[in-house]
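Hi there,

I am passing a structure on to you, with a few notes to help you find your way around. Have a look at it, and then read on.

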Amino acid sequence: MTALSQKDLLSIADLSQMEVEELLQMATQLKAQKLKLQCNKVLGLLFKKASTRTRVSFTVAMYQLGGQVIDLNPNVTQVSRGEPIQDTARVLDRYLDVLAIRTFEQQELQTFANYAQIPVINALTDLEHPCQILADLLTIQEEFQTLKGLTLTYVGDGNNVANSLMLGCALVGINVKIATPPGYEPCSDVVEQARAISGGKTEVVITKDPCGAAKNANILYTDVWASMGQEKEADDRMPIFKPYQINQELLSFADPKAIVLHCLPAHRDEEITNDVIEGEHSRVWDQAENRLHAQKALLASILEAEPV
């Protein structure tokens, strides 16, 4: 995929529909071991937020491609002592081949990309989580053998995952419905961007009605009610978000063959009940595994990995 060579991924909308489809095809082949790629490159991980799946999946993906990984823990670098972002970016640019950043503000990510010539990947910000959505789309495609025409319903907080889901679904032809409590809707600018991408070919619906949104949905999706940095709000959010829990009742409104997704970590019996996440409709563990395969395809494409 020469189109992605040395390209930043700051938003899932940085990709075209064709690029997403080609990444998913490559990820499928890598997962099935029908394709083996190699690149002797160095990936830097600069993570200001805690991480399990993102950190481990990026690390394993790069190792499996034959590359190296440097964990740039902010606590043991000059970043923690206030070194300007533009200075750090220009220095890391001289050492690394690609940089994945997990931080709070999208603008910080953009600044890195502005000052570094190497590709910069959004490994999560408060605005977006594009790598998660690539894994989600791979999981959905595995289940239904298609993406176009499906309906995904997300219930809960209109957070970074909700934002990226709207954009990703609009790109590939999935109808998306976001059900949140009043005042917790996804970013309005992203809603309009998703609708512009869809061009009227798919629905991008924002609603307060979780049951109505779940009706006949092919995919039910949720995330924690209080994201990283919002922990102090968690107790106050509980009663507000309780009607937006994915449980057996909400699942009954969806298509009988619907699948349930959660980007993890999950607070069982809060945003999703234990019986649902462990039930027959859950594809959560496939979804988590697919972080590895989707990101391996992304790294291979950006770094122009060669067949083994």
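To start with, in what order do the 5 strands of the open sheet come? In this predicted model, the order is S8-S7-S6-S9-S10, with parallel pairing. Strand S8 (204–207) and strand S10 (259–262) are the edge strands, and each of them pairs on one side only. On average, neighbouring strands of the sheet are turned by 20° against each other, direction ignored.

If you would like one pairing to look at, take strand S7 (residues 175–179), which joins S8 in the parallel sense through 4 bridges. Among these residues, Ile 178 has Ile 206 of S8 as its bridge partner.

Next, the helices. Helix H6 (residues 160–172) lies across four strands you can pick out by name: S6 (151–155), S7, S8 and S9 (219–222). Relative to S6, H6 runs at about 170°.

H6 also packs with helix H7 (residues 188–198), at an angle of about 5° and with the two axes 8 Å apart. Angles under 35 degrees count as roughly parallel, so H6 is roughly parallel to H7. On the H6 side, the contact is made by Asn 163, Met 166, Leu 167, Ala 170 and Leu 171. H7 contributes Val 190, Val 191, Gln 193, Ala 194, Ile 197 and Ser 198. Of the residues in this contact of H6 with H7, 8 are nonpolar, 3 are polar and none is charged.

Enjoy exploring!

Best wishes

Key
Residues numbered from 1 in each chain as written. Predicted model: local features only at pLDDT ≥ 70, side-chain atom pairs only at ≥ 80, totals over all residues. Heavy atoms only, no water. Pairing = 2+ DSSP bridges. Helix = DSSP H or I, 4+ residues; strand = E, 2+ residues; numbered from the N terminus. Axes fitted to C-alpha atoms, helices over the stretch in contact; angles between N-to-C directions. Contact = heavy atoms within 4.5 Å. Parallel < 35°, antiparallel > 145°, perpendicular 65-115°, else oblique. Nonpolar A, V, L, I, M, F, W, Y, C, P; charged D, E, K, R; others polar.
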